[in-house]
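Colleague: I'm new to this one and don't want a tour of everything at once. Could you pick one spot, take a close look at it, and then work outwards from there?

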Number of protein chains: 2
Amino acid sequence: MRVLVTGGAGFIGSHLCDALTERGYEVWCVDNFYLGREENIEHLKVNKQFHLSRFDVLDKAKINALFSEAKFDTVFHLAANSDIQQGSQNHKIDLQLNFLTTYEILEAMLAHKVKNIFFASTSAIFGDAKQVLNEDYGPVKPISFYGASKLAAEAYISVFVKNYGFKAWILRFPNVVGERCTHGVVHDFIIQLRRDPSHLMVLGDGTQTKPYLYVKDVIKAILIVFDKAEEPFAVYHVSNEHLTSVREIVAIVTEEMSLSGIPIEYSGGKVGWPGDVPYFEYDISKIQKLGYKYIYNSTESIRITVRKILGKE
Amino acid sequence: MRVLVTGGAGFIGSHLCDALTERGYEVWCVDNFYLGREENIEHLKVNKQFHLSRFDVLDKAKINALFSEAKFDTVFHLAANSDIQQGSQNHKIDLQLNFLTTYEILEAMLAHKVKNIFFASTSAIFGDAKQVLNEDYGPVKPISFYGASKLAAEAYISVFVKNYGFKAWILRFPNVVGERCTHGVVHDFIIQLRRDPSHLMVLGDGTQTKPYLYVKDVIKAILIVFDKAEEPFAVYHVSNEHLTSVREIVAIVTEEMSLSGIPIEYSGGKVGWPGDVPYFEYDISKIQKLGYKYIYNSTESIRITVRKILGKE
């Protein structure tokens, strides 16, 4: 199996490159190193099945040359700006990195007769829905540029599936945590406390409550959906069945850094930033029917992430 | 009231310019004349409330200059490629004319502090859903580039409403027919029969069955939603409560052209072209609660359109 992983040097992408090379697949990783990091894939460079290309997916000449040369069976399209806060400051980032990359990948696939695409989507397409979300839930009313750009990408994938016989696996991620993450609440807290351990600033009132899934449980989900989902347009939600509040995350981070009891300042308000969804919960019965089992619950995922970042595990 | 109508020289846009000038609004019409036509607005040129600009909405310098000068209260964004078949041949058309125009209009509105947008959306965002569609129906799985681009546009409007306090009125049109239409089944049949009245070629098997709404009933819906819908992100479906099959349209066109009984050739298959949705039906109870009443049912809308195009009315 010959596969392209876009964003393959990124947080989730690099874990996926690990898993796919372990399966014996020949893996081409394309990354512009916007969020990707050299150290995430350093260990893969010695592997003959692993090929690294440093360019932007929006560089049409380069992407077409790579498609011509490599003759992919499947594209795992993970290249994206995954930093939701960033997108509210510069709207073009999500438009280009999330939506237009997807559009251009689909066009390149069509031109080169590659018909299988895995796409990393998100709960953010639903906006602030306030109920348990199954895959068919409507209405979809994103409140972040990240969510809007991923919904736009899903819409275009749907058209390529229907019109050109593509097969698509779309996995809508929750918050994903674990080693190699580049942003997000755990990462932010640790960076803040390393800089100044005397107190912690928390965005919002700390009651935001969501599922956090450990990155290796996400990789398991990607592989089970890829192996077993048979529908041409296969959409799945993945999560564990637990939610963790920001206040619980504060407690875990300060405890693991031996800083329990330091003053915590909350910026206030129900949401951390414009576009933040303060609560969401997935119905994961569909992926469970494929046999999916996660290992870590949400709070365990947070703790293991904190310990990995701190070098304790 | 100072309003911008993008695509104001087009089929529906020009009827809307008529209605808004009749209300006494000052109307700026921007059109690139891709589908817009000089003759649709000829009669408005003598009206001092009506201002015509000939440029493309994607021309940022010109759109920003117009926003600076005109100080709009509301934008009615109708500029689009409305020819679904066209989009399946050239994917960039819908991407640019439907999605990117909307994105750029939203950015221009944000820059110039204009917060009210009416947006012309479509049943095509749902794809081939096979059930009566209310506004909150999910999943949304478009099967045409037209549908995908309009869904992407809706997604971005949702974000601007939530993040920047915009107010949006989104009306999802069914098939719209009437004088000044530039394409679609009625238009195609008449053009074909004027060229060669000996027989008629019909795409699909003729069983495609949908609501067709007369353009003036669409304008009524736009105005009632604009006047009465109070939600910040107000999404409404509009239609009459009747469906018409392509075979019925064939009968009406041939009868009105005194060609009943000519041989009809069907290309076969359930759909007319890639991306065609062969059946859909809207739940219109939400817009009816605002007091909306249409005048013409679907078959009457077809007949009046045929008669108008033929110059009989």
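## Starting from one isoleucine

Modeller: Let's start with A:I63, which, leaving aside its neighbours within four places in sequence, is in contact with A:V57, A:E104 and A:A108. Before going on, keep in mind that this is a predicted model. A:I63 lies in helix α3 of chain A, which covers residues 60-70. One of its contacts comes from well along the chain: A:A108 is 45 residues away in sequence, yet the two C-alpha atoms are separated by 7.5 Å. Is A:I63 buried or exposed? Inside 10 Å there are 24 C-beta neighbours, and a residue needs 20 or more to be called buried, so A:I63 counts as buried.

From there, try strand β1 of chain A, residues 2-6. Four of its five residues are buried, so this strand is largely enclosed by the rest of the structure. β1(A) has a partner in strand β2 of chain A (residues 26-31), and the two pair in the parallel sense over five bridges. If you want a place to put your finger, A:L4 stands opposite A:W28 in β2(A).

Now hop over to chain B, where strand β1 (residues 2-6) and β4(B) pair in the parallel sense too, over four bridges. There, B:V3 stands opposite B:T74 in β4(B). β4(B), residues 74-77, is covered on both faces: B:T74 and B:F76 are buried on one side, and B:V75 and B:H77 are buried on the other. That fits a general pattern: in a regular strand the side chains alternate between the two faces of the sheet. β4(B) also runs parallel to strand β5 of chain B (residues 116-122), with four bridges joining them. In that pairing, B:H77 has B:F119 as its bridge partner in β5(B).

A few backbone spots are worth a glance. Most residues other than glycine have a negative phi, and most peptide bonds are trans. A:K113, though, has a positive phi, near 55°. A:K113 sits in the loop between α5 and β5 (116-122) of chain A. With 10 C-beta neighbours inside 10 Å, A:K113 counts as exposed. Chain B offers B:F33, whose phi is also positive, near 55°. B:F33 lies in the loop between β2 (26-31) and α2 (38-41) of chain B, and it is exposed, with 12 other C-beta atoms within 10 Å. As for cis peptide bonds, one joins A:G138 and A:P139, with omega about 0°, and another joins B:G138 and B:P139, again with omega about 0°. A:P139 is in the loop between β6 (132-133) and α6 of chain A, while B:P139 is in the loop between β6 (132-133) and α6 (145-164) of chain B.

Zooming out, chain A is divided into domain 1 (2-176 + 212-237) and domain 2 (178-211 + 241-279 + 295-309). Their centres, taken over C-alpha atoms, are 26 Å apart. Where they touch, 25 residues of domain 1 are in contact with 20 residues of domain 2. On the domain 1 side, the elements giving two or more residues include α1 (11-22), α4 (84-89) and α8 (215-228) of chain A. That side divides into 12 nonpolar, eight polar and five charged residues.

Last, how do the two chains meet? In all, 27 residues of chain A are in contact with 27 residues of chain B. On the chain A side, α5 (91-111) and α6 (145-164) are the elements that give two or more residues, and α6(A) gives the most, with 10. By type, the side of chain A that touches chain B has 16 nonpolar, seven polar and four charged residues. Chain A can be laid on chain B with an RMSD of 0.0 Å by a turn of 180° and a shift of 0.0 Å along the axis. That is the relation of a two-fold axis. What's more, 100% of the interface residues of chain A are also interface residues in chain B, so the copies meet through the same surface.

And how confident is the prediction? Chain A averages a pLDDT of 96, and 100% of its residues score at least 70. The model as a whole scores ipTM 0.96 and pTM 0.97.

Methods
Residues numbered from 1 in each chain as written. Chains lettered and ligands numbered in written order. Predicted model: local features only at pLDDT ≥ 70, side-chain atom pairs only at ≥ 80, totals over all residues. Contact = placed C-beta atoms within 7 Å. Nonpolar A, V, L, I, M, F, W, Y, C, P; charged D, E, K, R; others polar. Domains from an automatic or database assignment. pLDDT = per-residue confidence, 0-100. Least-squares fit on C-alpha atoms with pLDDT ≥ 70 in both. Pairing = 2+ DSSP bridges.
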